[in-house]
Amino acid sequence: MSFSKNLGALLENIVFIHFRRRQNSEIYCFNDGNNECDFVINPNSAPICVQVCFEMNADNKHREIDGLFAAMNFFKTDNGAIVTLKQKDIVIKDGKKIAIIPANDFLLSR
């Protein structure tokens, strides 16, 4: 039993509930054996690929971006998002755009 707060898991649950509240959203995760992406929304029509992490840092940056990028390639989409607590940035990789979005901005957007 752990008494420490797993804030990353809590943030991921909040994002999941956000997607569940949307009507007609199919929610999946992506795992190709090497990479994982937390959420793929509506993969059969206009897929949205989203990673969630409490804070992007040197220890997790490549894992988060590589997992999202693998899902974006698999579902043939040029845009993805990484939801964090406070960080905001844009990453362009091989012509694909990854928006790093603070949770409050993400949750208030449609």
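**View A. Asp66 and Lys93 pair up between helix 2 and strand 5.** In this predicted model, Asp66 is partly exposed, with 32% relative accessible area. Its partner in a salt bridge is Lys93, and the closest N and O atoms are 3.3 Å apart. Since Lys93 belongs to strand 5 and Asp66 to helix 2, the pair ties together parts that sit 27 residues apart in sequence. Lys93 comes out as partly exposed too, at 28%. Lys93 also lies over the face of Phe69, 4.6 Å from the ring centre.

**View B. Asp78 and Lys96 meet in another of the three salt bridges.** The N to O distance here is 3.3 Å. Asp78 sits in the loop between helix 2 and strand 4, while Lys96 is part of strand 6 (residues 96–102), so we're looking at distant parts of the chain, 18 residues apart. Is Lys96 buried or exposed? With a relative accessible area of 10%, Lys96 is buried, whereas Asp78 is partly exposed at 47%.

**View C. Arg63 and Glu64 form a salt bridge between sequence neighbours.** Their closest N and O atoms are 3.3 Å apart. The two ends have quite separate surroundings: Arg63 is exposed at 53% relative accessibility, but Glu64 is buried at 7%.

**View D. Phe19 and Phe106 make an edge-to-face pair.** This is one of six aromatic pairs in the structure. The ring centres of Phe19 and Phe106 are 5.7 Å apart, with 75 degrees between the planes. Phe19 comes from helix 1 (residues 7–21) and Phe106 from helix 3 (residues 103–108), so the pair links parts of the chain 87 residues apart. Both Phe19 and Phe106 are buried. Zoom out a little and ring pairs link Phe16, Phe19, Phe39 and Phe106 into a cluster.

**View E. Phe30 and Phe74 form a tilted pair.** Their centres are 5.4 Å apart and the planes stand at 45 degrees, which is why the pair counts as tilted. Phe30 is in strand 1 (residues 27–31) and Phe74 in helix 2 (residues 61–74), 44 residues apart. Phe30 is buried, with a relative accessible area of 8%, while Phe74 is exposed at 54%.

**View F. Ala71 is a buried residue of helix 2.** Its relative accessible area is 0%. Which residues does Ala71 contact, leaving aside neighbours within four places in sequence? They are Phe30, Cys37 and Cys49. From Ala71 to Pro47 the C-alpha distance is 9.7 Å, with their positions 24 residues apart in sequence.

**View G. Asn42 and Lys76 both have positive phi without being glycines.** Asn42 has phi near 50 degrees and is placed in the loop between strand 2 (36–41) and strand 3 (48–52). Lys76, with phi of about 55 degrees, is found in the loop between helix 2 and strand 4. As for accessibility, Asn42 is buried at 16%, and Lys76 is exposed at 73%.

**View H. Leu7, Leu10, Phe54 and Leu85 form a nonpolar patch on the surface.** Together, these side chains' residues have about 320 Å² of accessible area. Leu85 joins from the loop between strand 4 (79–84) and strand 5 (89–93). At 35% relative accessibility, Leu85 counts as partly exposed.

How values were computed. Residues are numbered from 1 along each chain as its sequence is written. This is a predicted model: local features need pLDDT of at least 70, side-chain atom pairs count only at pLDDT 80 or more; totals for chains, interfaces and linings use all residues. Side-chain values use heavy atoms; hydrogens and water are left out. Patches are made of residues with over 30% relative accessible area and no salt bridge: like charges are joined within 9 Å, nonpolar side chains (Val, Leu, Ile, Met, Phe, Trp, Tyr) within 5 Å. Accessible areas come from the Shrake-Rupley method with a 1.4 Å probe; for residues, only the protein chains shown count as cover. A salt bridge is a side-chain nitrogen of Lys or Arg within 4 Å of a carboxyl oxygen of Asp or Glu. Helices (H or I, at least four residues) and strands (E, at least two) are DSSP runs, numbered from the N terminus. Buried means under 20% relative accessible area, exposed over 50%, partly exposed in between (1.4 Å probe, protein chains only). Rings of Phe, Tyr and Trp (its six-membered ring) pair if their centres lie within 6.5 Å; planes under 30 degrees apart count as stacked, over 60 as edge-to-face and the rest as tilted. A charge sits over a ring if NZ of Lys or CZ of Arg is within 6 Å of the ring centre and within 35 degrees of the ring normal. Contact means heavy atoms within 4.5 Å.
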